[in-house]
Amino acid sequence: MNLFRNVVFIAAIAGLVAGVVLACLQAYATVPLILKAEVYEQAGGGHHHDHAAPAANDTNAMSSAAPAPAEAVAPAAEDEGWAPADGFERFAFSVVANIVTGIGFALILVAVSEFAGGIGNWRQGVFWGLAGFAVFTLAPGLGLPPELPAMPAADLTQRQIWWWATVVATAAGLGLIAFRKSLPLAILAVLLIVAPHVVGAPQPDSFETPIPEGLHHQFVVAVTVTNLVFWLVLGAVVGVVRGRFTGTATSLRDSFA
Amino acid sequence: MTTASVSLGASVSSQSRFMQLALVALLGIFVVGFVGFSHIDAVHNAAHDYRHSMAFPCH
């Protein structure tokens, strides 16, 4: 299982780096917008969410780490189960989620790219990163744009199925275009990429929401750009780390790590 | 883009290579699926801001 170990090792380093970068970007770009949206959610009263988010003014809630009053204000957490306290705890869990899924995405990226010969350097990594961004952010984001809390949405399970189906179809399509030099397969690839959008993502019955259009648009841009940076960093770091290993260990074959 | 063709684990048989890489990919899908897509309330709440920020289907 040497290969397995090496691939996991590279993915762990790359996922850690990219996850930390993404967590920083989110703290700056997306989380403040989520907190703002939660104010509308509270005011609208509709779908009650268990984050009370009392400190959702422009000072970002990370620095004002005062979980005790936040909990005092929180309405007895209904039946939505445990949730991290606002402030530092909530931020810390976001960071952990970023790093863990960063490693998860890195595992997928490294495994798939090894089938195609591997990411040899940071520049190849950037292109692989672009592909990852197209597959995991752009394509599903067309049908299911990033949502803020209090925005209406269709059934969760159906959306998740559409999301994964779109990811798989887009990845297969891009793979066919990139690695098969055949016109019929390229046409098939385009059909695969287009198909999920012809089927259409599950949409809510009504689009009525207390969230202002401008806030949502800002959020869509923030999510898309932060994800782009995440994927570029992830691909580039995989290229650098992998290149370093194969560079020093070609004579050792796969006995490094 | 095809200059560096040094591959990891070139000495393992192609079948074993395929299995190991497939296993890695599955592991990655499992990790992302658990953190970003599981319906367990506690997991959803812990990664709430992350899920929204990644445009994962949420709520």
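Let's start with a stretch of chain A, residues 125-141, whose span is 100% helix and 0% strand. Here, helices (H or I, at least four residues) and strands (E, at least two) are DSSP runs, numbered from the N terminus. The table sets this stretch beside another one.

| Residues of chain A | Helix | Strand | Distance between end C-alpha atoms |
|---|---|---|---|
| 125-141 | 100% | 0% | 22 Å |
| 183-199 | 100% | 0% | 24 Å |

This is a predicted model, in which local features need pLDDT of at least 70 and side-chain atom pairs count only at pLDDT 80 or more, while totals for chains, interfaces and linings use all residues. Residues are numbered from 1 along each chain as its sequence is written, and chains are lettered from A in the order in which they are written.

Now look at two helices that pack together. Helix α1 (residues 2-29) and helix α4 (residues 88-115) of chain A meet at an angle of about 140 degrees, with axes 6 Å apart. Axes are lines fitted to C-alpha atoms, for helices over the stretch in contact, and angles run from 0 to 180 degrees between N-to-C directions. That angle makes α1(A) oblique to α4(A), a word for angles outside three classes: under 35 degrees (roughly parallel), over 145 (roughly antiparallel) and 65 to 115 (roughly perpendicular).

Chain A also touches chain B. The contact takes 58 residues from chain A and 39 residues from chain B, counting two residues as in contact if their C-beta atoms, placed from the backbone, lie within 7 Å. On chain A's side, α4(A) gives the largest share, 17 residues.
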